[in-house]
Every structure is written in structure tokens, then in C-alpha cells.
Amino acid sequence: MRRALMALMGTAAGTVLLVGAKAGFSSPASDQAMQPQAGKSPIPGADVSAAPAGAPSTGADPQGNPAPGTTPTPGTKTATTQPAGTKTTTAPASKPTTTAAKPPRTTMKDGTFNGNPIYVEYGNVELSIVVSGGKITDVKVLDSPSEHSRSVQINNSALPKLRAEALAAQSANIDTVSGATYTSNGYKLSLQSAIDRAFQA
């Protein structure tokens with residue numbers, strides 16, 4: 001009877017030990033192997049093309065334009081493309097228009113040309129010349145000092161002499177008449193201005 005009881009107790013104790021041994025052999029590593037690892041399976045609806053965590057954001061859209069609210073980095077250039085099929089035309093450079101300068105005349109033009117009125121002591125001296133064939137053929141006195149009788153007397157003697165010298169010299173490079181210095185100077189200046197107009201005509 002005692003042996004049977006001891007055998008029963010031994011069987012019960014062995015069963016308990018067997019169950020405890022099975023429970024003790026179960027480790028955390030085996031439990032983790034049974035569970036799926038976090039982040040291994042994709043989340044439904046997630047964008048698989050997104051950049052991995054920690055990657056810097058470029059702040060630009062697929063065409064290279066900066067995203068709204070972002071500031072382009074200094075030194076970077078944004079490429080611009082021209083639409084296909086367009087042509088760039090350049091206007092032809094305009095040629096500068098040049099006007100040839102008129103060569104100066106070598107001879108006087110035919111006609112009558114008035115000289116400038118020249119003020120001298122006691123009045124004005126003003127002449128006109130007549131040009132024919134490129135030469136002075138006549139000198140006419142348009143004005144001369146005449147307020148005083150002495151001035152009239154001097155001019156009546158000096159003016160014909162000055163005319164003869166002008167026709168002979170064909171220029172205003174003539175001598176001064178003695179006793180008629182003022183009239184002679186005015187005569188030469190007015191004569192030169194008339195000759196200048198004949199060359200410039």
C-alpha cells in the first residue's frame with residue numbers, strides 16, 4: 001500500500017516537473033520569431049517612392065522650379081527651356097547713313113552778292129559785288145559815311161581808288177588810301193564778306 005502511494009506521488013511529481021520544464025524552455029527569442037518585425041511590411045496606402053527618413057528635401061518640383069515658400073540657394077541657376085518649334089530672329093543692323101560733305105568751291109559763283117555793313121567812324125560802309133565768269137566785274141557802294149561834308153569829300157576821292165584796286169586784285173587784299181583810313185578799312189571788310197558769299201553760294 002505504501003509502495004503504491006509512493007509510486008503515485010512519484011508519477012504526479014514527474015508530471016509537474018515535465019510541465020514546468022516545457023514552460024521554462026519557452027524563451028523571448030522564440031516569441032519574437034513568431035511576431036512580424038515592425039517596418040518590414042508596407043503600410044497600406046503609403047507612397048513607396050517617398051524619400052527615406054533623414055534624406056534632405058530639395059524644395060523643388062520635378063521641373064526644377066523652387067517650391068512655393070522656399071528661397072533658392074545663392075549661386076544656383078534655374079535652367080529655362082525654349083518651347084520647341086520657336087525661332088529666335090535678330091533684326092539686321094541698320095547701316096549708318098552718311099552724307100558726303102560738299103567740297104568747297106574753287107571759283108566764285110556768278111551773280112550779285114552783298115557784303116556786310118561795317119560801321120566805321122562817321123558812318124557805315126557797305127558794298128556789293130557782281131561776279132561773271134568766276135571773276136569780280138564790278139563793285140558797287142551801297143552805303144558810305146555822308147553825314148559831314150568832309151566825309152563826303154574824302155569818300156568821293158577814296159572810293160573810286162578802292163574799287164580799281166579790288167577789281168585788279170580780285171580780292172579784299174588791297175592797300176589803304178591815304179587820308180581815308182576809316183573808309184578803307186570798312187571797304188575791305190565789307191568786300192571780303194561779299195566774296196565769301198560768292199564762294200559759298
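This is a short tutorial dialogue on reading the features of a predicted model.

User: Before we start, what should I know about the numbering and the pLDDT limits?

Analyst: Residues are numbered from 1 along each chain as its sequence is written, and side-chain values use heavy atoms, with hydrogens and water left out. The model is predicted, so to speak of local features we need pLDDT of at least 70, side-chain atom pairs count only at pLDDT 80 or more, and totals for chains, interfaces and linings use all residues.

User: Okay, how many helices and strands does the chain have?

Analyst: Helices (H or I, at least four residues) and strands (E, at least two) are DSSP runs, numbered from the N terminus. Here you get 4 helices and 4 strands, and along the sequence they follow the pattern α-α-β-β-β-β-α-α.

User: Which strands does β3 bridge to?

Analyst: The general idea is that two strands pair if DSSP finds at least two bridges between them. In this chain, β3 (residues 123-132) runs antiparallel to β1 (residues 111-114), with 4 bridges. It also runs antiparallel to β2 (residues 118-120), with 3 bridges, and to β4 (residues 135-143), with 7 bridges. For anchor points, glycine 111 partners valine 131, isoleucine 118 partners valine 125, and serine 132 partners lysine 135.

User: Which residues take a positive phi in the hairpins?

Analyst: Look at the turns. The β2 and β3 hairpin has 2 residues between the strands, and tyrosine 122 there has a positive phi near 80 degrees. The hairpin of β3 and β4 also has 2 residues between its strands, and in that turn glycine 133 has a positive phi of about 70 degrees.

User: On to helix packing: at what angle do α3 and α4 cross?

Analyst: Two packed helices are described by the angle between their axes and the distance between the axes. Axes are lines fitted to C-alpha atoms, for helices over the stretch in contact, with angles from 0 to 180 degrees between N-to-C directions. The axes of α3 (residues 149-169) and α4 (residues 181-200) come within 10 Å and cross at roughly 35 degrees. The crossing is right-handed (the near helix is turned clockwise from the far one by less than a right angle). With contact meaning heavy atoms within 4.5 Å, α3 brings Asn155, Leu159, Leu162, Arg163 and Ala166, while α4 brings Thr183, Ser184, Tyr187 and Leu191.

User: Is asparagine 155 buried or exposed?

Analyst: Buried means under 20% relative accessible area, exposed over 50%, partly exposed in between (1.4 Å probe, protein chains only). Asparagine 155 counts as buried because its relative accessibility is 3%. A polar atom of its side chain lies 2.7 Å from the backbone oxygen of proline 145. Leaving out residues up to four places away in sequence, asparagine 155 touches Ser144, Pro145, Pro160 and Thr183.

User: And what does glycine 186 touch?

Analyst: Glycine 186 sits in α4, and it counts as buried because its relative accessibility is 0%. Not counting residues up to four places away in sequence, glycine 186 touches Ile118, Val120 and Val125. Its C-alpha atom is 9.0 Å from that of serine 144, with the two residues 42 apart along the chain.

User: What percentage of the chain is buried?

Analyst: Of the 201 residues in the chain, 18% are buried. As for contacts with a separation of 6 or more, 46% are between residues 24 or more positions apart.

Key:
A polar contact is a pair of N or O atoms within 3.5 Å; within protein, one must be able to donate a hydrogen and the other to accept it, and residues adjacent in sequence count only if both atoms are side-chain atoms.
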